[in-house]
Amino acid sequence: LTENTRFWVVRATVSGGQVSALGTLLSGAYIGIDPVREGKETLEFIGLEKRPLVTTDVPGQHYMLTSPTLGSLDIGSPIFYRKIRVGEVVDYNFDETGEAIDIKVFIHAPHHDNISTATKFWNASGIDVTLDATGIKVDTQSLVSIIQGGIVFRSDERRVGEGGTTS
């Protein structure tokens, strides 16, 4: 076990329209672990308040996005690529200036290969309604993005390296 290993209590939860760990209603809560081999060995740990959305055994990549506001996004908000959910918001905080929001996202493999230096991200929360001579067109990523918020991205072929940052 290293200083990067994480522990948390696993309990049944309902959040963002998703239910997890229902088995704990019958078996009781237990300690979850995200073992990480990298880092300094240690025997003392501080447990997390809640289960991390992404553990180190999940293939994919973290990215940091910067936005002037958080909007309706929250931890667990979905990330869509071509209207398919491929990731989620895992954390957010003010940037070092306090003038913007840094939003940490995780894109699951193999979809993280679609992230490039030219990738554009935007907030997909809400509904886009167009009214013209041909009628009404309603466009949204999903019902979840209307309720919970979401992010969409469009990609190019140049790839960002490990731990990439884009805005």
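**One salt bridge and three backbone oddities**

There is one salt bridge in this chain, counted by the usual rule of a Lys or Arg side-chain nitrogen within 4 Å of an Asp or Glu carboxyl oxygen. The model is a predicted one, so please keep that in mind as I go through it.

Which two residues form the salt bridge? The side chains of R6 and D34 do, with a distance of 2.6 Å from N to O. R6 belongs to strand β1, residues 6-10, and D34 belongs to strand β4, residues 30-34, so the salt bridge ties together parts that are 28 residues apart in sequence. As background, side chains of opposite charge can pair when their charged atoms come close.

Is D34 buried or exposed? D34 has a relative accessible area of 2%, so it is buried. R6, its partner, has a relative accessible area of 26% and is partly exposed.

Now the chain as a whole. There are two helices and 12 strands. In sequence order, the pattern runs β-β-β-α-β-β-β-β-β-β-β-β-α-β. The chain has 167 residues, and 32% of them are buried. The exposed area is about 10,900 Å², with 54% of it supplied by carbon and sulfur atoms.

How much of the contact count comes from residues 24 or more positions apart? Taking the contacts with a separation of 6 or more, such residues account for 66%.

Next, the backbone. Two residues have a positive phi although they are not glycines, and I will take them in order. R82 has a phi of about 55 degrees. K83 has a phi of about 65 degrees. Where does R82 lie? R82 is in the loop between β6, residues 78-81, and β7, residues 84-94. K83 is found in the loop between β6 and β7 too.

On accessibility, R82 is exposed, at a relative accessible area of 66%. K83 comes out at 46%, and therefore counts as partly exposed, because exposed means over 50%.

The last item is a peptide bond. A cis peptide bond joins A109 and P110, with omega at about 0 degrees. P110 sits in the loop between β8, residues 101-108, and β9, residues 120-123.

To go back over the places to look at: the salt bridge between R6 and D34, the positive phi at R82, the positive phi at K83, and the cis peptide bond between A109 and P110. That is the end of my part.

How values were computed
Residues numbered from 1 in each chain as written. Predicted model: local features only at pLDDT ≥ 70, side-chain atom pairs only at ≥ 80, totals over all residues. Heavy atoms only, no water. Helix = DSSP H or I, 4+ residues; strand = E, 2+ residues; numbered from the N terminus. Buried < 20%, exposed > 50% of the residue type's maximum accessible area, 1.4 Å probe, protein only. Contact = heavy atoms within 4.5 Å. Areas by Shrake-Rupley, 256 points an atom, 1.4 Å probe, with all protein chains shown as cover.
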